[in-house]
Amino acid sequence: MAAAGRCAGSGQSVARSVAVFCLSDFEKYARTQLNGNAWGYYSSGADQELTLKDNEEAFRRYRLRPRMLKDVSKVDVKTRILGQDVSFPVCVGATAMQRMAHTDGEIATCRAARKMETCMMLSSWSTTSLEEVAGASGESGLRWFQLYIYRDRDLTRNLVLRAERSGYKAIVVTVDAPVVAKRLADARNRFSLPPHLHLANFDTQLPQSSLTSDSALEGSSLERYTRDLLDASLTWEGIDWIRGLTGLPVLVKGILTAEDAVEAVRHGVQGIIVSNHGGRQLDGVLATIDALSEVVKAVEGQVEVYMDGGVRQGTDVLKALAMGARAVFIGRPVLWGLAYNGQEGVERVLQILRDEFKTAMMLSGCRNLAEIQPSLVVHQSKI
Ligand SMILES: Cc1cc2nc3c(=O)[nH]c(=O)nc-3n(C[C@H](O)[C@H](O)[C@H](O)COP(=O)(O)O)c2cc1C
């Protein structure tokens, strides 16, 4: 497949014959297409980006112990997440402001997720409203809504109720962002949302001017926006409050320790996403694949555990599942897919991961997800 999308930086149509075979091919292409503001925002991590790099590198420290002669002529990659079918265990994670990558933004992403029969998690900070995304993905598109808790509790409540009314099947509360970390690329670029875009879930209620460009101000506009509006006083009682507002399952995203996993279960969440926000928050935390096992062990099967961060190939998915993840989410690769060719680009990203995962299962002697066991993986320190 060749890229023929709209160039996000210039708004021009481009038709290039750039072939893509793996997820890093999309990243290379996206880098040539996105302007500095968008590329910097999407690709960067916090501070020295130690965790950003480690998320990918950590996967390489786990090696596979495949079994042979298992009749893998038929392999089933389907699974269920919170009781809903997905055609393979890779879902689309929440990434903000997708219309900087392609004019169709979140609409393209939700259609791609529906076509590939997987789940899309929509960011609170989408550049298309949650209702429009629901309309475009339709009844059959499985959607979860990612929630940031604002100081303004009425506004937060309203988001939850709107998501529930619009057919989202879970509320995912992000707990690792009481404030946005220092992201050097955004500070240097004085990151701002392009003037033709806005955070579409907040049409009337929020002062958005702080997010668009004001050349008189230093640093990233997002840092200012979150400092002004997000609730840094949030505690586990906030999770109880959200659970009281909605009949939907509530998950927490951003857990990295057994202690917090136990606390999450105690507060009645139905799922945990092991995540470090793609290395964009506290720099120097564990890579998510390294944190996964302790969380899985701590919850003792009481709730589903997912992970995101650094998943870039089928063997990464296999390793995460062997270590107890129910499914994984991908963040940046979806943005690169959008930049490559909108909906088709995102579909292609998901297809490549699905096909690589299926091949990795066959080569490991696994015919279905239940056969992916912890014994499939060994950490290099134990070899
Ligand atoms: C550009 C960008 C925007 C993001 N926006 C959000 C967001 O709005 N809410 C959220 O909970 N996480 C957000 N994340 C974090 C992702 O949900 C996810 O944890 C992370 O991207 C996974 O790592 P990966 O990019 O290596 O796949 C964002 C990540 C990126 C790269």
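**View 1. Helix 3 and the second largest pocket of this predicted model.** Six residues of this pocket's lining come from helix 3, and that is the largest share. Helix 3 covers residues 50–60, and it has company: helix 1 (23–33), helix 2, helix 7 (184–189) and helix 13 each supply at least two lining residues as well.

**View 2. A look into the middle of the second largest pocket.** The space here has a volume of about 380 Å³. Of the 20 residues that line this pocket, Glu27, Ser43, Glu49, Leu52 and Glu56 are the closest to its centre. Sorted by class, the lining has nine charged residues, along with seven polar and four nonpolar ones.

**View 3. The largest pocket and its lining.** This one has a volume of about 520 Å³. Its lining is made up of 25 residues, and if you head for the centre, the ones lying nearest are Val175, Asp176, Ala177, Pro178 and Gly254. Two elements give two or more residues to this lining: helix 9 (236–245) and strand 8 (250–255). As for the mix of classes, you'll find 17 nonpolar residues here, with five polar and three charged ones making up the rest.

**View 4. The ligand in its cavity.** Now we leave the pockets for a cavity: the ligand sits in the largest one. Helix 2 (36–43) and helix 13 (332–364) are the elements that give two or more residues to the shell around the ligand. Both helices turned up in View 1 too, where each supplies at least two residues to the lining of the second largest pocket.

**View 5. The ligand's neighbours.** In total, 22 residues surround the ligand, and the closest are Ala94, Ser123, Thr174, Asp308 and Arg312. What does this shell look like by class? It has 10 polar residues, seven nonpolar and five charged.

**View 6. Side chains that meet the ligand's nitrogen and oxygen atoms.** Start with Tyr148: an N or O atom in its side chain is 3.0 Å from a nitrogen atom of the ligand. Thr174 has a side-chain N or O atom 2.7 Å from an oxygen atom of the ligand. For Asp308, the distance from a side-chain N or O atom to a ligand oxygen is likewise 2.7 Å. How much of the ligand does the protein cover? On its own, the ligand has 600 Å² of accessible area, and the protein covers 99% of that.

Key
Residues numbered from 1 in each chain as written. Predicted model: local features only at pLDDT ≥ 70, side-chain atom pairs only at ≥ 80, totals over all residues. Heavy atoms only, no water. Near = heavy atom within 4 Å. Polar contact = N/O pair within 3.5 Å; in protein donor to acceptor, adjacent residues only side chain to side chain. Areas by Shrake-Rupley, 256 points an atom, 1.4 Å probe, with all protein chains shown as cover. 1 Å grid on protein atoms, 1.4 Å probe; cavity = no way out; pocket = protein on both sides within 12 Å on 5 of 7 lines; lining within 4 Å. Sits in = over half its atoms within 2 Å of the grid points. Helix = DSSP H or I, 4+ residues; strand = E, 2+ residues; numbered from the N terminus. Nonpolar A, V, L, I, M, F, W, Y, C, P; charged D, E, K, R; others polar. Points joined across faces, edges and corners; volume = space filled by probe spheres on them.
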